[in-house]
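Work through the exercises below with the sequence and the model side by side. Try each task before reading its solution.

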Amino acid sequence: MISVVTPVLPAHVDMLAQAHESLLRQDGGPDWEWLIQIDGTPERPVEVDFPAAVDDGRIRIAANGDRLGVSAARNRALLRSTGHWVAPLDADDEFFPDTLALLSEPLRTRPEVRFVFGESVDVFPDGKRLTRFTRRPYQPGPVPPGRLEEIWRHHKNLFFHPGAVMFDRTWLLAAGGWPAGTQMEDQDVLLAISTFAPGWYVPHPVHLYRQHRDQTVRTARFEANRERYRRWSHARLVALRTLRGDDPDELRKLETPLPSPEEISTFTTPEWQAEIAGQVTAG
């Protein structure tokens, strides 16, 4: 069983229909359940905006009552899950038709693997689809413990979207779920688990990421705190590696990977940057 967990704001419940369609396209593959956590209190019955909530018995919906944030919403959904593996899916994103089969296969057949990730494709307001990154610093197959941090520090970017992932549920719980307060919670929990556990890279598109103006990463708050978020990620990794038994002297030499604007411009393709400027940030 795969547990798909989705946080959603009350005002965005109508977005769940497209995500649900992408889950229906997984039928014939692994069994799944969908844990939807509403971050707040819906103003009207959920089925008004999302009829599948009562039509599909695999969907289980709960509401926080108060607005607690995306990490708390994901974690509450995680606690309700019953699957052996967990796949996050934001309300405005979608899976490709074979996503659950592709991501779960290494977890089912290789007991040592604790997380699996694949590729994302961005979809723009006009429907155009583009891959984002200019580099793929991974080989298909095994990803040894510490490899993700090594890439993050050397390249100053992971070069895949950390939403395109599936976790062993036990390891996700042991890592504390998605941490709050950094706005990089999906990256941070992945880096934490990968400090100790091996993973697997599937070189196929598994995640459709919707680009739009209302995303958290487009807010002034996120931009103002971007460096602070990265320093938190660095500090947490150093603490985890200390617990792992790494050399304290070597750990003290590490610095937070802070990319310059010029370096950031090399992370993504010119075509992707043009679409962001023209469709997402313009005006």
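Three exercises follow, on a strand and its partners, on two loop residues and on a pocket.

This is a predicted model, in which local features need pLDDT of at least 70 and side-chain atom pairs count only at pLDDT 80 or more, while totals for chains, interfaces and linings use all residues. Residues are numbered from 1 along each chain as its sequence is written, and side-chain values use heavy atoms, with hydrogens and water left out.

**Exercise 1.** Find the strands that pair with β6, and give the sense of each pairing.

Solution. Step 1: fix the terms. Strands (E, at least two residues) and helices (H or I, at least four) are DSSP runs numbered from the N terminus, and two strands pair if DSSP finds at least two bridges between them.

Step 2: locate β6. The strand covers residues 115-123, and nine of its nine residues are buried (under 20% relative accessible area; exposed is over 50%, partly exposed in between; 1.4 Å probe, protein chains only).

Step 3: go through the partners.
- β10 (residues 199-210) runs parallel to β6, with eight bridges; Val116 faces Trp200 there.
- β9 (residues 165-168) is antiparallel to β6, with three bridges; Phe115 has Phe167 as its bridge partner.
- β7 (residues 129-130) is antiparallel to β6, with two bridges; Val123 lies opposite Arg129.

Step 4: look at the turn. Five residues separate the strands of the β6-β7 hairpin, where Gly127 has a positive phi near 95°.

**Exercise 2.** What is the sign of phi at Lys156 and at Phe159, and is Phe159 buried or exposed?

Solution. Step 1: recall the usual case. Most residues other than glycine have a negative phi.

Step 2: read the angles. Lys156 has a positive phi, near 65°, and Phe159 likewise has a positive phi near 65°.

Step 3: place the residues. Lys156 sits in the loop between α6 (147-155) and β9, and Phe159 is also in the loop between α6 and β9.

Step 4: check accessibility. Phe159 counts as buried because its relative accessibility is 0%.

**Exercise 3.** Which residues line the second largest pocket, and how do they divide by character?

Solution. Step 1: define the pocket. On a 1 Å grid over the protein atoms alone, a pocket is an open set of points with protein on both sides within 12 Å along at least five of seven lines, and lining residues have an atom within 4 Å of a point.

Step 2: list the lining. It consists of Pro10, Ala11, Val13, Asp14, Thr41, Pro42, Glu43, Arg44, Val46 and Asp49.

Step 3: sort the lining. Five residues are nonpolar, one is polar and four are charged (Ala, Val, Leu, Ile, Met, Phe, Trp, Tyr, Cys and Pro count as nonpolar, Asp, Glu, Lys and Arg as charged, and the others, Gly among them, as polar).

How values were computed
On a 1 Å grid over the protein atoms alone, a cavity is a set of points where a 1.4 Å probe fits but cannot get out, and a pocket is an open set with protein on both sides within 12 Å along at least five of seven lines; lining residues have an atom within 4 Å of a point.
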